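Please look over the sequence and the fold shown here, and then follow the description below from the strands to the interior and on to one loop.

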Amino acid sequence: MMKISRFALALAMAAAVAGASAQDHAGHDAPAAQQAPALALVDGEVKKIDRETGKITLRHGEIPNLNMGAMTMVFRTRNAAMLDEIKVGDKVSFSADRVGGAITVVQLQKVE
């Protein structure tokens, strides 16, 4: 009986180690696009720019990844240099996400 218990214990431990190893490697072979979905681009209009604080006020459409309806609001920007190429009144396309707990514009481009 003791031999069977030791064998069962060894088998259970081997299965646990194999399962943990499989979990550690899950998803590593998947392309990056499958690992993190791309953020949707949203149309907006620049209402105000505060270059000193790196903030922008946008009137925008729905932002699906944030479950946010259309509105006008102030956003932080990932990088204040994003604001160098735009001015109040410009039409833009942007994506936003939560960064450090704050809703932040992570991509911004002027629409010609």
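**Strands, core and a loop residue**

In this predicted model, strand β4, which covers residues 91-99, pairs with strand β5, which covers residues 102-110, in the antiparallel sense and over 8 bridges. One place at which this pairing can be followed is valine 92, whose bridge partner in β5 is lysine 110. Strands of a sheet pair through backbone hydrogen bonds, in either a parallel or an antiparallel arrangement. The two strands belong to a closed barrel of 5 strands, which runs β1-β2-β3-β5-β4 with mixed pairing. Neighbouring strands of this sheet are turned against each other by 55 degrees on average, direction ignored.

From the strands we turn to the interior. The largest nonpolar core has 19 residues, and those that touch the most other members are Ile56, Leu58, Phe75, Ile86, Phe94, Val105 and Leu108. Two or more residues of this core come from each of β1 (42-50), β2 (55-60), β3 (71-77), β4 and β5. In soluble globular proteins, nonpolar side chains tend to be buried together. Phenylalanine 94 illustrates the surroundings of one core member: leaving aside neighbours within four places in sequence, its contacts include Leu58, Phe75, Val105 and Leu108, as well as Ala40, Leu41, Val42, His60, Ile63 and Gln107.

A last stop is the loop between β2 and β3, where asparagine 67 is found. The phi angle of asparagine 67 is near 50 degrees, a positive value in a residue other than glycine. Asparagine 67 counts as exposed because its relative accessible area is 75%, where exposed means over 50%.

How values were computed: Residues numbered from 1 in each chain as written. Predicted model: local features only at pLDDT ≥ 70, side-chain atom pairs only at ≥ 80, totals over all residues. Heavy atoms only, no water. Pairing = 2+ DSSP bridges. Helix = DSSP H or I, 4+ residues; strand = E, 2+ residues; numbered from the N terminus. Axes fitted to C-alpha atoms, helices over the stretch in contact; angles between N-to-C directions. Core = buried A, V, L, I, M, F, W, Y, C linked by side-chain atoms within 4.5 Å. Buried < 20%, exposed > 50% of the residue type's maximum accessible area, 1.4 Å probe, protein only. Contact = heavy atoms within 4.5 Å.
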